[in-house]
Every structure is written in structure tokens, then in C-alpha cells.
Amino acid sequence: MIKYRAYYVEEIDGKFSSSIQNLNAPDPQDDEVLINVSFSSLNYKDALCVKGVKGVAASYPFVPGIDAVGTVAKSKSDKFKEGDEVICSGYKLGMSVNGGFGGLICVPASWVVSLPNGMSDLEAMSYGVAGLTSAACVKSIIDKGVVDTLPIAVSGATGGVGSVAAGILNKIGFSVTAITGKSSEQDFLNKIGCEKILNRDEFLEGGVRALDKTQFGGGVDTVGGEILAKILSQTAQKGTIACCGNVAGASFETSVFPFILRGVSLLGIDSAESSIDLKQHLWDKLADEWKLDLSKQTKVIELAELNSEIEKILNGLQLGRVVIKHGE
């Protein structure tokens with residue numbers, strides 16, 4: 001029996017613990033592929049899974065990891081053949097199907113896209129689900145409409161989604177204003193393309209009005225809560241905000257005025273469940289016209305180093321992206 005190395009989370013007497021284990025390799029069934037994982041990435045949802053937060057992983061014991069890149073080792077699908085370089089992200093990977101924190105994953109071929117030409121394995125996971133979400137946010141606000149004469153707000157700009165969104169927006173010609181609780185990271189934010197930095201607490205001073213002076217042509221909100229409410233109140237006529245996170249709060253209080261007096265649009269982004277065609281399109285964009293050099297904001301680690309990085313992301317201390325290297 002072929003074995004593979006994985007970061008394995010178990011629940012024993014209501015307590016969750018993790019360890020590095022050698023697990024039996026699964027056999028692909030009809031329309032499935034077995035992928036030899038070269039890199040995966042650490043995401044906030046993965047950290048919640050490790051800690052046993054209810055509603056994330058379907059059951060335990062389990063291997064987290066909601067994204068992975070690698071090479072097809074076995075295929076029972078007409079879509080892919082052995083040796084193809086592929087990416088799998090979202091859907092039920094790392095949720096109810098053992099995920100990218102292991103050296104092998106077995107998934108439906110319908111969850112898989114081809115690794116684009118011009119993109120390396122490491123580059124793919126430097127983006128990961130976070131980068132894919134960023135790209136989905138940017139595409140959605142551009143397609144719906146933003147005011148390009150005003151800055152685009154990006155909340156949580158030091159995180160995985162926010163930092164990539166800021167980089168893409170800057171690359172395609174927008175002025176980016178970062179809203180962050182880490183204003184001490186000004187150098188980092190300037191390097192990724194943020195022209196202005198607003199401290200989160202200062203931004204929220206005075207509370208949230210039903211409608212405020214326009215400051216932004218649109219926005220990418222990765223945190224939710226009061227910050228989203230205030231961005232809404234300050235978004236210009238016909239502007240659009242993409243919302244994809246809730247670390248600052250799962251609920252917020254606003255009024256109808258931004259929507260009925262300014263025609264502002266609020267779009268929810270769930271890149272994990274996007275169509276596979278959209279995912280392939282977004283990966284192709286990230287490999288080409290939206291390509292960023294993330295090497296200086298990406299940390300590459302081994303499986304054994306995951307625990308400390310999980311604590312950082314849960315405590316809001318992660319900067320940029322964390323990528324896990326598998327194999328030799």
C-alpha cells in the first residue's frame with residue numbers, strides 16, 4: 001500500500017490535536033483523479049478546521065487544506081491524464097475531502113483546472129484560494145462598475161486576500177486605499193501598491209453614518225462588520241463593493257441610502273463554489289495580465305512548521321501568504 005505524509009487532525013474526548021502521519025493513499029474512482037501535491041497554502045478556513053471550529057470540517061480525523069497544486073498521478077477521467085499539471089481549490093477539498101495538507105489528494109476531475117502556462121507550482125499556491133478570491137473580487141467590481149477617478153478601498157490589506165487584491169488593482173491602474181489594523185506595516189502596504197493607508201480605528205471614529213461624504217469609487221472588503229458599513233456609506237454614485245470576509249464581524253448595520261440614493265452595489269464573493277470555468281479564467285488572468293510577483297510576500301514552510309503559522313493567522317498576525325512545500 002502506497003503511503004503519503006499528511007498533517008492529520010484528530011478529535012479525542014472533545015479535544016483536537018494534530019500530528020504528522022503517514023496515511024494510506026486513496027484509489028481514484030470513476031471521474032476522479034489522484035494528484036501528487038507539490039505545494040498547498042495556509043488559509044484562515046484551514047486554521048479554523050485545525051482548531052475544530054464547528055461547521056468547517058465535516059468530520060474528524062481529517063486532513064485540512066482547501067487548495068493544492070501538483071501533478072496527476074492516476075486518472076479515471078477523460079479530462080486529465082497522468083503527468084498533467086493541475087490546481088484544485090475550494091468545493092469540498094479540505095472540508096469533507098482530505099485536503100492539501102497531505103502529499104496526495106483524490107478529487108473529482110470536475111474540481112480541477114489546468115495549471116496555466118507561465119505559472120509555476122509555487123506561484124500558483126502563492127495565490128492559492130486567497131488569490132483566486134482576490135481575482136474574483138476585482139473582476140466582479142470591474143464588471144459591475146467602479147468610479148476610476150476615486151481610490152478603491154481594500155480592507156484587511158495585509159492579509160492574503162487583501163494584499164493580492166491591492167496588488168492587482170494597482171497593476172491595472174487604480175489608486176488603492178488600504179484600511180488596516182496594522183498601520184505599522186506601512187512599508188509592506190506601500191510595496192504592494194497602496195497609495196494611502198487608513199488606520200482601522202481612525203477610520204471608524206465618529207461611527208457609521210447612513211450616508212457620508214464620498215471617498216471611494218468602489219471597494220474590496222475582506223473583513224465585514226462596521227468597516228464594510230462605513231465603506232458603503234462613503235462609496236460614490238454607481239460604485240461597487242465586493243464582500244468576501246467576516247473577521248471584523250459577521251453582521252453589520254447600514255441603511256438603504258447608499259443603494260437607493262447612490263445606486264451602490266454590494267456583491268458577495270464565494271470563490272470556493274465558483275464554476276470551474278470561472279476558476280480557470282481567473283487562474284489564466286493571474287498567470288498573465290494580472291500576474292504579480294508575490295515572492296517577497298510569500299513564506300514557504302514545511303508541514304512541521306504549520307502549528308506556529310496557524311496561531312499567527314488566527315491571531316491576525318499573518319502578513320501576505322504562507323505556502324506549504326511537500327515532498328523532497
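Lys-81 is exposed, with 56% relative accessible area. In this predicted model, Lys-81 pairs with Asp-84 in a salt bridge. The closest N and O atoms of the two residues are 3.0 Å apart. Asp-84 is buried, at 18% relative accessibility. The bridge thus has an exposed lysine and a buried aspartate.

The whole structure contains ten salt bridges. Another of them links Lys-291 and Glu-123, with an N to O distance of 3.5 Å. Lys-291 sits in the loop between helix H8 (276-287) and E14, whereas Glu-123 belongs to helix H2 (residues 121-144). The pair therefore ties together parts that are 168 residues apart in sequence. Lys-291 is partly exposed, at 27% relative accessibility. Glu-123 is also partly exposed, with a relative accessible area of 29%.

Lys-299 forms a salt bridge with Glu-309. Here the closest N and O atoms are 2.6 Å apart. Lys-299 lies in strand E14 and Glu-309 in helix H9, so this bridge ties together parts that are ten residues apart in sequence. Lys-299 is partly exposed, at 38% relative accessibility. Glu-309 is buried, with a relative accessible area of 4%. The bridge does not stand alone: Lys-299, Glu-309 and Lys-312 are joined into one network by salt bridges that share partners.

Strand E14 also takes part in strand pairing. E14 (residues 298-301) runs parallel to strand E15 (residues 321-325), and four bridges connect the two strands. Within this pair, Lys-299 stands opposite Val-322 of E15. Between the strands, the chain passes through helix H9 (residues 306-314). The resulting β-α-β crossover is right-handed. Lys-299 therefore has a place in two descriptions of this region, as a member of E14 that is tied to H9 by a salt bridge and as the residue opposite Val-322.

Ser-38 is part of strand E3 (residues 32-41). Ser-38 is buried, at 18% relative accessibility. Its side chain makes a polar contact with the side chain of Asp-121, at 2.6 Å. Beyond the residues up to four places away in sequence, Ser-38 touches Val-69, Gly-70, Asp-121, Ile-324, Lys-325 and His-326. Two of these contacts can be placed in the elements already described. Asp-121 falls within the residue range of H2. Ile-324 falls within that of E15.

Backbone geometry was examined next. Most residues other than glycine have a negative phi, and most peptide bonds are trans. A cis peptide bond joins Tyr-60 and Pro-61, with omega at about 0°. Pro-61 is located in the loop between helix H1 (44-50) and strand E4 (67-75).

Positive phi values occur at Asp-13 and Tyr-91, neither of them a glycine. Phi of Asp-13 is near 55°. Asp-13 lies in the loop between strand E1 (3-12) and strand E2 (15-24). Asp-13 is exposed, with 79% relative accessibility. Phi of Tyr-91 is about 50°. Tyr-91 lies in the loop between strand E5 (85-89) and strand E6 (104-108). Tyr-91 is buried, at 12% relative accessibility. The two residues thus combine a positive phi with opposite settings, exposed for Asp-13 and buried for Tyr-91.

Cysteine pairing was also assessed. A disulfide is a covalent bond between the sulfur atoms of two cysteines. The count of disulfides is zero, with a cut-off of 2.5 Å between the sulfur atoms. For Cys-88, the closest cysteine sulfur belongs to Cys-106 and is 10 Å away, so the gap is too far for a bond. Cys-88 is buried, at 1% relative accessibility. For Cys-194, the closest cysteine sulfur belongs to Cys-137 and is 15 Å away, which is likewise too far for a bond. Cys-194 is buried as well, at 3% relative accessibility.

How values were computed:
Residues numbered from 1 in each chain as written. Predicted model: local features only at pLDDT ≥ 70, side-chain atom pairs only at ≥ 80, totals over all residues. Heavy atoms only, no water. Buried < 20%, exposed > 50% of the residue type's maximum accessible area, 1.4 Å probe, protein only. Pairing = 2+ DSSP bridges. Right-handed = clockwise from strand over helix to strand, strands pointing away. Polar contact = N/O pair within 3.5 Å; in protein donor to acceptor, adjacent residues only side chain to side chain. Contact = heavy atoms within 4.5 Å. Salt bridge = Lys/Arg side-chain N within 4 Å of Asp/Glu carboxyl O.
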